[in-house]
2 protein chains.
Amino acid sequence: MRYSIEGIEGLPEIEAGADLAALITAALPSPLEDGDILVITSKVVSKAEGRVVRADDREQAITDETVRVVATRDNPGGVPTRIVENRLGIIGAAAGVDASNAPEGTVLLLPIDPDASARAIATGIRSLTGAQVGVLLSDTLGRPWREGQTDIAIGAAGVHVFDDLRGRSDASGKPLAVTMPCVADELASAAELVKGKAAGVPVAIVRGLGRFVGDLDLPGARSIVRPADRDMFRQGADEAYDDGYRAGFDEAQAEGVLRDA
Amino acid sequence: MRYSIEGIEGLPEIEAGADLAALITAALPSPLEDGDILVITSKVVSKAEGRVVRADDREQAITDETVRVVATRDNPGGVPTRIVENRLGIIGAAAGVDASNAPEGTVLLLPIDPDASARAIATGIRSLTGAQVGVLLSDTLGRPWREGQTDIAIGAAGVHVFDDLRGRSDASGKPLAVTMPCVADELASAAELVKGKAAGVPVAIVRGLGRFVGDLDLPGARSIVRPADRDMFRQGADEAYDDGYRAGFDEAQAEGVLRDA
């Protein structure tokens, strides 16, 4: 069991309207094969889709992309950090609005519908090359409890996003009741190690994991998002405490009023 | 930029007291090279260290491994899920106490000190092979907000656990102010894709990322853990709400008592 990951060099700077399937295919170091998986940094998709706003409008852009504020933290001398749930259900800082690798004076928003973008790119590349490839769009996110960031999948097409082992057995025959590795996120992380942040290599080819490649109508990365009502960490601890405090205070006052009356 | 990951097959079942450095070295498909990184499933380290208890003692073992309860959730017909901070500072379900791939009738605990275990194994393998390799110990964890699990690093030796880009620039020259990819977690995830849960392949070799390999006294995986007092999600939302509710209720009552007095 062995696979390799290679960064694709030599892609041009991506402009709005760019045909990513054609540009990536042209930049390939070797012909694609069935079962290859392309992991594409979502920023180049944002650029191709013209998802760029002026840096001055960053805070408004975050607000516009936000469905729900999950937690906030003040930054001495700067704007507060906002951890939010965005349109895509993804929880992260600043709703994915980011200045790095964006054109000067601008910030990039996430693609409108990363699963649809992944499907369009996969369809284009399958058509151009004849190879049954999978496509993931990745983004870089912080996470609770652990320092640093990892890349995760925000879009997927033609890739099984989970290795669903529920109902299968471990090496000794015991059932793997709750095990469902998130292949898509693991692949995004694996690809980050060759793409890097500073290198300007936005696409990597994963070769040798064809067992995770399938039809383009497989569930996308949206299926990785856990609905907030089933999430134990759907709100920051301080925010949840404050909500509880107000509710408890009001309840005690109401009881007091009733008793006094 | 290219790297490969290969699962090491043919390792024997690991018993308490096993010399993992020697067993892994003997099972290698090809000689190790400077810059190779071995990603070892922590379960085999637990087995070698005899970190096994009877399955009947699982709930007590979780309690013993727990430093702080972060969140709990009832499971209809079963024992409640406990998300806890364990001795190592790692937050996860059941303090890492796990029955899969454990001997029949038993559960495995995490290694006592995974960074020390990684260092001992790296020292042994470097001594046996002469190759300056890095070693990571991995475990499988769920995470907030996203379904499924990914592998993360709970032990590290001779590997830069972060790719510290703070102060460096992106491809267009803009500073990458807060970017610090967690290489160790990304490597653990990348290796999971060949090790799998069902395949009984507990070790993988990563080849081609020697730039992340360094001295054995580099900070270990413990340095990835964010202290709870700096974490916005240090407690489950329900638990934080309940704590706040009680505090608010008590405060309103105390004020009422003062007013009445």
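Contact here means heavy atoms within 4.5 Å. Helices (H or I, at least four residues) and strands (E, at least two) are DSSP runs, numbered from the N terminus. The model is predicted, with local features requiring pLDDT of at least 70 and side-chain atom pairs pLDDT 80 or more, while totals for chains, interfaces and linings use all residues. Residues are numbered from 1 along each chain as its sequence is written, chains are lettered from A and ligands numbered from 1 in the order in which they are written, and side-chain values use heavy atoms, without hydrogens and water.

The sheet is a place to begin. Ten strands, in the order 9(A)-8(A)-2(A)-10(A)-1(A)-1(B)-10(B)-2(B)-8(B)-9(B), make an open sheet with mixed pairing; two strands pair if DSSP finds at least two bridges between them. Its edges are strand 9 (146–157) of chain A and strand 9 (146–157) of chain B, each of which pairs on one side only. From one strand to the next the twist averages 25 degrees. Within chain A, strand 2 (residues 37–41) and strand 10 (residues 203–207) run antiparallel and are joined by four bridges. Opposite Ile37(A) stands Val206(A) of strand 10 of chain A.

Helices of chain B lie across these strands. Helix 5 (residues 183–195) of chain B lies across strands of both chains, including strand 1 (2–7) of chain A and strand 1 (2–7) of chain B, and runs at about 115 degrees to strand 9 of chain B. Axes are lines fitted to C-alpha atoms, for helices over the stretch in contact, and angles run from 0 to 180 degrees between N-to-C directions. Helix 4 of chain B lies across strand 2 (37–41), strand 8 (134–143) and strand 9 of chain B, at about 60 degrees to strand 9 of chain B.

Helix 4 (residues 114–129) of chain B also meets helix 1 (residues 20–27) of chain B, their axes coming within 8 Å and crossing at roughly 50 degrees. That angle makes the two helices oblique, a class left for angles outside under 35 degrees (roughly parallel), over 145 (roughly antiparallel) and 65 to 115 (roughly perpendicular). Among the residues making the contact are Leu20(B) and Ile24(B) of helix 1 of chain B and Ile121(B) and Leu128(B) of helix 4 of chain B.

Another helix pair joins the two chains. Helix 6 (residues 237–260) of chain A packs with helix 6 (residues 237–260) of chain B at an angle of about 35 degrees, the axes being 6 Å apart.
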